[in-house]
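Here is a friendly walk through a protein chain, meant to be read with the model open beside you. We will go from charged pairs to aromatic rings and then to the overall layout.

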Amino acid sequence: MIKPTLPQGTRDFPPQTLRKRQYVLQTIREVFERSGFQPLETPAMENLDTLLGKYGEEGDKLIFRILNNGLDNPGKHDQAMAGFHQVLEGQNSRAVTERALRYDLTIPFARFVAMNHGQLSFPFKRYQMQPVWRADKPQKGRYREFWQCDADVVGSPSLLYEAELSEIYLEAFRRLGIAVQIRINHRHILAALAEACGGGRLTDITAAIDKLDKVGLEKVMEELARKGFDDAQCSIIRQYLSIEGDNEEKLTATAALLGTHAKEGLTDLRWLLTFLRRPDGSDPLTIDLTLARGLDYYTGMIFEVKALEAVMGSIGGGGRYDDLTGLFGVPGIPGIGISFGVDRICDVIEEKGMFPPSIAAGPAVLFFHLGEAEARQAWQLLLALRQQGTACEMYPEAARFDKQFKYAERRHIPCVAFLGAEEIAEQTVRLKTLATGEQETLSRDAFLQRFARP
RNA sequence: GAGGGUGUAGCUCAGCUGGUUAGAGCAUCAGAUUGUGGUUCUGAGGGUCGUGGGUUCGAGCCCCAUCAUCCUCCCCA
């Protein structure tokens with residue numbers, strides 16, 4: 001016999017935990033649906049080719065690959081051996097693995113759109129809530145299997161969707177009771193910065209400046225110097241990172257520093273901020289010029305959501321991509337999407353103790369088991385209660401009362417019903433509310449009425 | 001991929017510089033009362049101390065390895 005364990009970074013979800021997750025999923029789903037997004041699901045696994053090269057070099061390493069079946073087939077022995085040698089040299093081999101678990105929901109969606117663009121009417125708005133897998137090393141807020149909730153729109157370059165998705169973030173986190181900061185930036189601005197530094201090396205720059213709030217300005221500049229940026233280039237980046245103030249001030253300062261190269265990005269940001277501006281003049285979004293986001297396919301506005309009042313990495317992110325389906329041979333379909341990190345969101349709500357107590361509630365009524373004959377009568381009432389849509393159950397045997405009470409308490413069942421000899425004789429039922437200890441004797445009709453939904 | 005912490009009862013943990021039969025609280029079960037529990041009292045079950053080696057007269061404690069888990073860096077949701 002072996003000790004049962006879970007694969008690293010995966011978790012079981014016992015009932016109490018799952019209720020919390022479902023509450024989060026349901027809340028987000030309602031916001032998606034209300035905004036006109038339609039549900040979509042894709043398979044847990046994709047062809048490896050579909051995923052490789054879409055998430056950057058690091059991303060490829062974190063994709064869970066599925067070993068092909070039948071590798072022990074003697075007829076294919078040589079092929080398999082050759083494949084393994086390729087794998088050992090760090091290359092991919094279809095002879096060994098040709099499928100992989102999905103890494104996110106965006107690329108599978110792009111694959112879906114590329115396959116079905118003839119049937120879809122654009123703009124196409126879909127949401128998707130499914131687990132994804134990453135071969136990361138687990139730690140706080142990081143799992144190998146976790147859920148994402150994505151909303152994407154493809155087939156329109158309109159900034160109206162930047163606005164719509166922003167409002168979805170705001171509304172969802174408002175409903176969940178999480179205080180967040182939603183940060184935005186624009187890839188064009190980052191590109192303009194790289195341009196001002198002589199072009200190219202965009203990744204080196206973004207990787208370094210992304211760490212600003214974590215390691216501080218001086219460490220960032222050290223890293224850049226180490227990577228071979230000269231004084232003139234460092235000076236520009238230093239000025240860029242030194243830009244502070246409110247959104248308006250950041251826009252102005254960036255325009256002054258980067259000039260025409262950044263114009264398009266700045267115009268987009270300004271439009272979005274103005275569009276979303278609240279009646280009191282406040283901006284619900286915050287410009288963060290250091291925000292880069294690792295995913296290669298973003299080309300326009302980028303988003304990231306941080307929980308305030310909680311130590312946690314980002315709990316959501318997204319951005320616009322001009323040509324995601326182009327990777328699959330269908331060019332010219334621009335899109336934008338956002339993602340909710342459900343597991344981290346659950347962790348934050350748990351940390352803040354913000355889950356509504358109601359989600360722990362069990363069935364409405366527990367029927368006590370008072371003996372074989374009594375239980376038979378009570379069972380009929382139980383069925384009638386269920387028929388009208390009220391959740392209820394019966395204790396399985398005529399155990400001591402304290403056991404039956406304790407069971408009700410543990411299951412968070414608020415009421416218990418007694419149907420014993422007396423009640424049967426009088427055609428009544430005795431109802432006790434556990435929280436208050438109150439008891440009352442009701443006719444069976446009145447009893448059913450008590451739990452009937454309005 | 002690099003580096004650290006922690007593994008003792010179902011859960012949370014104690015266990016001294018290595019020394020008899022490894023403990024506590026909670027939980028569970030049984031009993032004291034039985035058509036109304038949660039307070040109280042009594043008792044019981046449950047641990048090859050993560051696993052495998054080593055040092056020692058003697059290891060839960062020291063050493064090595066291994067596994068699991070948590071955390072930090074990298075990167076991310």
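Is Arg270 buried, partly exposed or exposed? Arg270 is partly exposed, with a relative accessible area of 35%; here buried means under 20% relative accessible area, exposed over 50%, and partly exposed in between, using a 1.4 Å probe and protein chains only.

Before going further, a word on the ground rules. This is a predicted model, in which local features need pLDDT of at least 70 and side-chain atom pairs count only at pLDDT 80 or more, while totals for chains, interfaces and linings use all residues. Residues are numbered from 1 along each chain as its sequence is written, chains are lettered from A and ligands numbered from 1 in the order in which they are written, and side-chain values use heavy atoms, with hydrogens and water left out.

**Charged pairs**

Arg270 has a salt-bridge partner, Glu248, and their closest N and O atoms are 2.4 Å apart. A salt bridge is a side-chain nitrogen of Lys or Arg within 4 Å of a carboxyl oxygen of Asp or Glu. Arg270 belongs to helix H13 (residues 263–276) and Glu248 to helix H12 (residues 247–258), so this contact ties together parts that are 22 residues apart in sequence. Glu248 is partly exposed too, at 32% relative accessibility. Helices (H or I, at least four residues) and strands (E, at least two) are DSSP runs, numbered from the N terminus.

By the salt-bridge rule, the count comes to 24. One of them joins Asp343 to Arg11, again with 2.4 Å between the closest N and O atoms. Asp343 sits in helix H14 (residues 342–352) and Arg11 in the segment before helix H1 (15–34), so the pair connects parts 332 residues apart in sequence. The two ends differ in setting: Asp343 is buried, at 3% relative accessibility, whereas Arg11 is partly exposed, at 25%.

Another bridge brings Glu218 and Arg238 together. Glu218 is in helix H10 (residues 217–226) and Arg238 in helix H11 (residues 231–241), 20 residues apart. Both ends are partly exposed, Glu218 at 46% relative accessibility and Arg238 at 33%.

The three bridges are set side by side here.

| Salt bridge | Closest N to O distance |
|---|---|
| Asp343 and Arg11 | 2.4 Å |
| Glu218 and Arg238 | 3.2 Å |
| Arg270 and Glu248 | 2.4 Å |

**Aromatic rings**

How many aromatic pairs does the structure hold? There are 22, counting rings of Phe, Tyr and Trp (its six-membered ring) whose centres lie within 6.5 Å; planes under 30 degrees apart count as stacked, over 60 as edge-to-face and the rest as tilted. Tyr23 and Phe355 make an edge-to-face pair, 5.9 Å centre to centre with 70 degrees between the planes. Tyr23 lies in helix H1 and Phe355 in the loop between H14 and strand S12 (365–367), so these rings link parts 332 residues apart in sequence. Both Tyr23 and Phe355 are buried.

Phe32 and Phe37 have ring centres 6.4 Å apart and planes at 45 degrees, so that pair is tilted. Phe32 is buried at 0% relative accessibility, and Phe37 is buried at 2%. Ring pairs also gather Phe32 and Phe37 into a cluster with Tyr127, Tyr169, Phe173 and Phe340.

Rings meet charges as well. Arg11, already seen in its bridge to Asp343, lies over the face of Tyr143, 3.5 Å from the ring centre. A charge sits over a ring if NZ of Lys or CZ of Arg is within 6 Å of the ring centre and within 35 degrees of the ring normal. The charged end of Arg21 likewise sits over the ring of Phe13, 4.2 Å from its centre.

**The whole chain**

Chain A has 18 helices and 16 strands. Its radius of gyration is 29 Å, well over the 22 Å that the globule rule gives for 454 residues, so chain A is more spread out than a compact globule. That radius is taken over C-alpha atoms, and the globule rule is 2.2 Å times the number of residues to the power 0.38. Along its principal axes, the C-alpha trace spans about 95 × 75 × 45 Å. Buried residues make up 46% of the 454 residues.

Chain A is divided into domain 1 (23–45 + 106–352) and domain 2 (361–451), with bounds that come from an automatic or database domain assignment. Their centres, taken over C-alpha atoms, are separated by 53 Å.

As for confidence, the mean pLDDT of chain A is 88, and 99% of its residues reach 70 or more; pLDDT is the predictor's confidence in each residue, from 0 to 100. Confidence is lowest in helix H9 (residues 212–215), at a mean of 78, and highest in strand S1 (residues 38–39), at 97.
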